[in-house]
Amino acid sequence: MPIDAKETLALADMLRISISLQDAQRLSEDMSSVLDYVRHLDELDTSGIDPMGVGLTDFAPLREDVPGVSMTMEELESFSGGAFDPAVNAFVTKPIFT
């Protein structure tokens with residue numbers, strides 16, 4: 001069942017994004033094609049496949065976790081380009097949401 005522009009506009013409203021009716025129509029076609037593809041994948045017989053076992057046999061082993069030498073406060077301040085704040089002992093960045 002395809003998604004129509006009205007449903008796309010309702011979804012955009014829930015996500016608090018503003019889109020035009022023209023964009024909603026285009027996005028509804030895109031989302032419908034994605035759902036059609038997922039429905040097509042549902043037709044595959046996966047009864048003999050372990051859902052958690054695919055591709056997990058040939059991974060690289062992790063290295064041993066060994067403590068090393070820590071940076072000095074001066075090195076942290078220099079390395080971080082000023083993002084390390086020794087007053088709070090943490091990296092401080094500009095907020096992305098206002």
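Me: Buried means under 20% relative accessible area. What share of the 98 residues in the protein chain is made up of buried residues?
Reply: In this predicted model, buried residues make up 9% of the 98 residues.

Me: What makes serine 32 count as buried?
Reply: Serine 32 has a relative accessibility of 9%. The cut-off for buried is under 20%, so serine 32 qualifies at 9%. The residue belongs to helix α2. Leaving aside residues up to four places away in sequence, serine 32 touches Pro2 and Ile3.

Me: How do you know that Ala5, Thr8 and Ala12, the buried residues of α1, are on the same side of the helix?
Reply: Helix α1 covers residues 5–14, and Ala5, Thr8 and Ala12 are buried in it. Around the axis they cover an arc of only 55 degrees, which puts them on the same side of α1.

Me: What covers that buried side of α1, and which exposed residues are on the face turned away?
Reply: The cover over the buried residues of α1 includes α2, residues 21–42. On the face turned away from the buried side are the exposed residues Lys6, Asp13 and Met14.

Me: What is unusual enough about phi in arginine 16 to be listed, and where is this residue?
Reply: Arginine 16 is not a glycine, yet its phi is positive, at about 60 degrees. The residue follows α1 and sits in the loop between α1 and α2.

Me: Is arginine 16 buried or exposed, and how do you know?
Reply: The relative accessible area of arginine 16 is 78%. Exposed requires over 50%, so arginine 16 is exposed at 78%.

Me: Which value does phi take in asparagine 89, and where does the residue lie?
Reply: Asparagine 89, also a residue other than glycine, has a positive phi near 55 degrees. Its place is the loop between β1 (84–85) and β2.

Me: Why is asparagine 89 called exposed?
Reply: Its relative accessibility is 54%. The cut-off is over 50%, so asparagine 89 counts as exposed.

Me: What does phenylalanine 91 touch in strand β2?
Reply: Strand β2 consists of residues 90–91, and phenylalanine 91 is found there. With residues up to four places away in sequence not counted, phenylalanine 91 touches Leu76, Ser80, Ala83 and Phe84. A contact requires heavy atoms within 4.5 Å. Glycine 81 is ten residues from phenylalanine 91 in sequence, and their C-alpha atoms are 10 Å apart.

Me: Why is the pair of aspartate 23 and arginine 26 called a salt bridge?
Reply: The closest N and O atoms of aspartate 23 and arginine 26 are 3.9 Å apart. A salt bridge needs a side-chain nitrogen of Lys or Arg within 4 Å of a carboxyl oxygen of Asp or Glu, so 3.9 Å meets the limit for aspartate 23 and arginine 26. Both residues lie in helix α2, three residues apart, or about one turn of the helix.

Me: How exposed are aspartate 23 and arginine 26?
Reply: Aspartate 23 has a relative accessible area of 30%, and arginine 26 has 43%. Partly exposed is the range between under 20% and over 50%, so aspartate 23 is partly exposed, as is arginine 26.

Me: What other partner does arginine 26 have?
Reply: Arginine 26 also forms a salt bridge with aspartate 30, with the closest N and O atoms 3.7 Å apart. Arginine 26 and aspartate 30 are four residues apart in helix α2, so about one helical turn separates them. Aspartate 30 counts as partly exposed at 38% relative accessibility.

Me: How many salt bridges does the structure hold, and which residues do shared partners join into one network?
Reply: There are three salt bridges. One of them links arginine 39 with aspartate 36, where the closest N and O atoms are 2.9 Å apart. Arginine 39 and aspartate 36 are both in helix α2, three residues apart. Salt bridges with shared partners join Asp23, Arg26 and Asp30 into one network.

Me: How do you know that the protein chain differs from a compact globule of 98 residues?
Reply: Such a globule would have a radius of gyration near 13 Å, but the protein chain has 25 Å. Its C-alpha atoms fill a box of roughly 60 × 45 × 15 Å along the principal axes.

Me: What confidence does the predictor give the protein chain?
Reply: The average pLDDT is 85, and 92% of the residues score at least 70. Among the elements, α1 has the highest mean pLDDT at 94, and helix α3 (residues 73–79) the lowest at 81.

Key: Residues are numbered from 1 along each chain as its sequence is written. This is a predicted model: local features need pLDDT of at least 70, side-chain atom pairs count only at pLDDT 80 or more; totals for chains, interfaces and linings use all residues. Side-chain values use heavy atoms; hydrogens and water are left out. Buried means under 20% relative accessible area, exposed over 50%, partly exposed in between (1.4 Å probe, protein chains only). Helices (H or I, at least four residues) and strands (E, at least two) are DSSP runs, numbered from the N terminus. The arc is that of the directions from the helix axis to the C-beta atoms. pLDDT is the predictor's confidence in each residue, from 0 to 100. The radius of gyration is taken over C-alpha atoms; the globule rule is 2.2 Å times the number of residues to the power 0.38.
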